[in-house]
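Reader: Please take one part of this structure and describe it closely, in connected prose. As a first-year student, I would be grateful if each term were explained when it appears.

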Amino acid sequence: MPRPRKDQEGPSAVERMEEAFWQALSEKPYAKITVGEIAQRAHVNKNAFYYHFDGLQSLAEQALDHMLPREIARMLLMRGGLPEDMDDAQIRALANEPGLKKRLDRALLVVGKHGSSELVSTLKSLVMQTWFDLFKVDESRLSSEAMVVVRFTLGGLIEVMSDEACHGSNANPIQTILGSGIAATASAKVVETLRAAANEDPRNQAPPLQPESL
């Protein structure tokens, strides 16, 4: 396959294609998005697209990885990492921080009506890897019971994110998720599980992170 023209390669082309993906997903279901449409929106040709990506799914995976609000992933795990006395106004201010709000809105697109099982699966994998990294845990060494705890908790949180209360112009997703009751109870079990797994791993010389340091 010939290399794309110089003005079509590099970060600028990739960024345009990722942005085109998010624009398209905001307008239509993932299943109806095509490579041709992405190329047209990003002002590149198909050769340029396939130079960078194997297909639409690989673009989606990279776009999700770059979008993932990892501070939100940490917040979900640690009951938001928020002080107990943090009020609704402070939570709204956090949710409305421009950069974070944009990425959170895109996460909600993934779990919303335009998303797909493939996109949700990718999002879950990215969030889980963020959690594993926090505790320096190797997923391959986790017991099946530990994985059930992690997957069950994350599934519940994703379910809350997909609820109508997290969508719309007046929605406050962070408040809805953290106030659901799931985050506080279930995330504590995940923290306990991952800390235990980290302590049992002989390769971890340093102690695992503590909640107050996350």
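Author: Of the 214 residues in the protein chain, 43% are buried; a residue is buried with under 20% relative accessible area, exposed with over 50% and partly exposed in between, judged with a 1.4 Å probe and protein chains only. The model is a predicted one, in which local features need pLDDT of at least 70 and side-chain atom pairs count only at pLDDT 80 or more, while totals for chains, interfaces and linings use all residues. Residues are numbered from 1 along each chain as its sequence is written, and side-chain values use heavy atoms, with hydrogens and water left out.

The setting may be given briefly. The protein chain contains 11 helices and 0 strands; these are DSSP runs, H or I of at least four residues for helices and E of at least two for strands, numbered from the N terminus. The chain exposes about 11400 Å², of which carbon and sulfur atoms supply 50%; such areas come from the Shrake-Rupley method with a 1.4 Å probe, and for residues only the protein chains shown count as cover. Of the contacts between residues at least 6 apart in sequence, 69% join residues at least 24 apart, a contact being heavy atoms within 4.5 Å.

The part chosen for a close look is the pairing of helix α8, residues 117-134, with α9. Helix α9 itself covers residues 144-161. Two packed helices are described by the angle between their axes and the distance between the axes. Here the axes come within 11 Å and cross at roughly 125°; axes are lines fitted to C-alpha atoms, for helices over the stretch in contact, with angles from 0 to 180 degrees between N-to-C directions. The two helices are therefore oblique to each other, since angles under 35 degrees count as roughly parallel, over 145 as roughly antiparallel, 65 to 115 as roughly perpendicular and the rest as oblique. The crossing of α8 past α9 is right-handed, meaning that the near helix is turned clockwise from the far one by less than a right angle.

On the α8 side, the contact is made by V120, L123, K124, V127, M128, W131 and F132, and on the α9 side by M147, V150, R151, L154, G155, L157 and I158. These residues divide into 11 nonpolar, 1 polar and 2 charged; Ala, Val, Leu, Ile, Met, Phe, Trp, Tyr, Cys and Pro count as nonpolar, Asp, Glu, Lys and Arg as charged, and the others, Gly among them, as polar.

I158 of α9 shows the pairing at the level of one residue. I158 counts as buried because its relative accessible area is 8%. Beyond neighbours within four places in sequence, I158 touches V111, V120, L123 and K124. Its C-alpha lies 9.3 Å from that of L123, although 35 residues separate the two in sequence.

T153 also belongs to α9, and is buried because its relative accessibility is 6%. Leaving aside neighbours within four places, T153 is in contact with A186, S187 and V190.

Between α8 and α9 there is a loop, and K136 is found in it. K136 has a positive phi near 55° and is a residue other than glycine. At 46% relative accessibility, K136 counts as partly exposed.
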